[in-house]
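Please open the structure in your viewer and keep the selection tool at hand, as the tour moves from one stop to the next.

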Amino acid sequence: MQLEPGDLVRLKRDPVRAGVLQDAEKNIAGQRMVTVRFSDGQMSWLPYSALEHVPENGESCYDRFVNGKFVSPDWLRRTLTRLRVSGRLSEVVYSMEATETDFYPHQFKPVIKLMESPTDSLLIADEVGLGKTIEAGLIWTELRARHDCNRLLVACPKTLCEKWQLELGSKFGVDVQLANASTLLKTLRRSKETGAGFALVCSMQGLRPPRGWDKLEETERDKQGVRVELARFLSDESDGEPLVDLLVFDEAHHMRNPSTMLNAIGNLTSGVSSHRLFLSATPIHLQNRDLHSILKMVDPDTFEYANTLNELIDVNAPLVKARDLLLKKGTKQDIEEHLVQAQQHELLCESKTLGQILSRLNSQPLDTTLRSELAVRLEHVNQLANYVNRTRRRDVKLKRVFRDPSTPTFTMNEYEQRFYEEISAVVNEYAESKNANELFLLSMPQRLLTSSLAAASAYWATILPNSTLEGIEETDTDLDEETSNARPLVTKIAKRTRELGLTKLLQENDTKFQSLLDELNQLWCKEPHKKVIIFSSFKPTLKYLQSRLTDNAIRTELLHGSISEPRSTVLERFEQHQLTPILLSSEIGSEGVDLQFCSTIVNYDIPWNPMRLEQRIGRIDRLGQKSEKIQVLNLVFDNTIDSRIFHRLYDRLTTSEKVLGEMEAILGRQIREMTTKLLDPRLTDRQKEALIDETAQALETQREQTDRLESEAGSLVQHGDYILERIYESRNNRRWLNRQDVLVYVKDRLEQSFPGTIIESSPPSSDKFKISFSNDGFSALSYYLSKHNLNGSTRILADDARQRFVFTESVVQKSGRVEQISQLHPLVRFCVDIDQKDISNREAQAIAAVIDGLDSTGKLDQGVYVVAINRWSSNNNTSDAHTNTRIGYIGANVETGELISSNYAEAIANEVSDNKPPMVNPSSHRLFKQAATLLGDVVLPEADKQFETFFLQTTAEVEDRLNIRLRALEKHFERKFETLYRIKADLIQNAASAESANDLQRASNLRNLVLARTAQISKLEKILQARRHEIEQQRSPIPEVADISLLLVEVRC
């Protein structure tokens, strides 16, 4: 057919290059040359004979393959990169390799679980030291990349706020602001109005409202301060659009008591958040009441009643048994029996996924492949796994660090013994008239004594009768909602201390301090400049040690909860200054701080709660500790309560050698009871030793019981190995974005959409780039930045010829003049925005390539392969968040005619896209015809079959998730309606009583309140109807499959 000006034409040798034929033509060397304007704006002179019409109906990719119309392998690289960056593919883990963290597979488990959760809420209950903070940061990175989320709120104990700010900034590139209740309220209001993003870290304590805030009259609320105003705002907005994209509660067990205001602020902030994370190292078993309390915050509608947890465990039990039978070669009959049992439960009777599993089990041979597939799918049916992620240390296959403890004990000298006995006598005399609760408070002076007699004497000697008492012990008491008064006892102790006048003698004859110096000198003789952390629970002890060590020409850094400068500054000095070998720290001062660069700690005093000691050791015994051994030195006075507790309690629990993990919840009550009894002056030393032994036995028994219970329940909440296998698979198959992906994508998109835009390395061949925009490109990007409130977020439009850029996978922006461009950079998001609107040049292409020599995976066998690459979608047309899209890889070995695994086919495609050379004259290859036949008869039908399986499975999973959402929605609004109708009924009754009493003004006011409640009920009914409609709209997704490419590949080894 004759080509005419205005026709849509393309190059025969490169069908991707398409454009419009122009009028101009000329003859060069006997060739008829014509002009073509391509879609990128470029005008080119080309031989008339090199062009052909673009078929109106398009030519299928298979036709191109059969007709030998192959394009360069570079096209595949650009196409796959575009899909990965802009397609939000379900199999791509966008947070992988995108942060400044080491790769630990278990830390991506909660990422995958929350992305697939029907509740958008998750309890991360990993054991201590496995990186719950990192997991939360990875989840936020994933949400930013997938859904452009930009509103983050972290609530944690006050002592952890700075740690969160530092970690999110240095490891995840998040610019975090520390905020109080006032700042949070202003930020939420501004974000609601403008859509502006934020990243805030607040202390739990600083947000909680006063008790009874919700019962205040309107006229009283303004007088109660900003925390009441914040609580009211959150309550009013709970049924509107979410104000927070991700809410993180760290140390969530502090909110477990439903009667506290910490629990109240937890529920209020949860009500305005799209996604919620609760971090707590609580044991997972049925007899843990704290677990149910936290789960009630995770999903208050599902876990409204205490027996719900037991019910979910019962539901999952037959599923776990069926999964185990599948993996252990159990019979089809036994497997079916457990699946039918599970299906009879009301929570699973409508499960589409479970129905599909039973159908597959009964209709196909139960071979190894089907067993594996069904076991994986059963993980998705597990109800409790929707709410809990649990990893224990023993589940993480990492080299364990050996603990080397030593506990030298020493005897007090005469001055120390006298001071100890005199002050103990004051405490005992005071204790005789006190009840059990007050006795517990007496442990502080008793422990300060054995911490440092010299420091205690110096501190108490300065306390005058009317002076203000400062907090000397580092605790999180502000998380408790109880108060205590230590003034009377401390006044008596201070008076007796001044009478004794032993402070100077105690400092000159300090047995414990001299022992510390001896131990340090021995250590530094073997390992000069070795860093050491010295822990104490008391600020007077820390200050005393700092002074004494300075007098001995030993430089120190001090870290406790009351220091004025940021803890990160102190730690940076300590880590980097070789001449500062000692860090003096309290538990609270170092809480949440990672000190893995140290491998030696000294416990200058011994907490009576073994968990406190474990927390100290846990600062260095964490993921990332490079040393094979950590040294733990405990300094204990002989013949004191401390020595009895350490040798009779700690040794029994093997605390110094074995991680206690999350035992705090178990130890707390028993330790408090033991402490109270130990301070009873009527007990003899022998009776106190017997009490400690009894406590040790009780704790040991309870720990064993907890381990057993969790072993029984743990398998019911954990995903099997499949999630970890999926994580390894994603990493090995490069299902994440690297720097070259980002560069290729941005360069292609900008140069295609805005001709004249240039991205070039500067200096040449370096990893730094100069970006010059065309006028259209500059204007479009400027408009995008302004529209999305991103002005000032990048220097890319600055008029600075010296500005350079680096393309990187890391989302963390380094300091300096060179700006980093990652997948979250505004320029990349701008390109994605353009890409989603541009549907040109999306035709599938055939590619023939050669993998010559050892491939990068080292796993490909020699041979000739054909591979079909498709884009599969299950789309409900409501939003990208509800679309399941992935790339399918189906291939076969041409010589054997056998199908290869999807992972193998994907590995071949990745190698081809990695700048592999094209095959020369593929149509002449000895196996070309055989390859084309195999592709049409086997591979493409298999692709259709696999897509059908994908669509049916995703449809079933969507249905199950929507049913869970709908059930929770109905329960949530049922509770709200019940409360409102009860209030309305009370108001009507009170109004009637007021009319009977002839109090017409009050009756009128009450009638108005009835009308207000009626309007509120009507509004809620409309909201419920809209939410139901939103959920129902997501049912019956639309299947969509699109060809991407067909490959002919020869692997030569």
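Select N639, which is exposed, with a relative accessible area of 58% (exposed means over 50%, buried under 20% and partly exposed in between, with a 1.4 Å probe and protein chains only). N639 sits in the loop between β21 (636–637) and α26 (641–653), where helices (H or I, at least four residues) and strands (E, at least two) are DSSP runs numbered from the N terminus. Its phi is near 60 degrees, a positive value in a residue other than glycine.

This is a predicted model, in which local features need pLDDT of at least 70 and side-chain atom pairs count only at pLDDT 80 or more, while totals for chains, interfaces and linings use all residues. Residues are numbered from 1 along each chain as its sequence is written, and side-chain values use heavy atoms, with hydrogens and water left out.

Go next to D148, in the loop between α4 and β8 (151–156), which also is not a glycine and has a positive phi of about 55 degrees. D148 is partly exposed, with a relative accessible area of 40%.

Now select α4 itself, the helix that D148 follows. Of its 16 residues 15 are buried, so α4 is largely enclosed by the rest of the structure. Its end C-alpha atoms, in residues 132–147, are 22 Å apart, which agrees with the 22 Å that its 16 residues should span at 1.5 Å a residue (the expected span is 1.5 Å times one less than the number of residues).

Finish at P763, in the loop between β22 (758–761) and β23 (769–772), where a cis peptide bond with omega of about 0 degrees joins S762 and P763.
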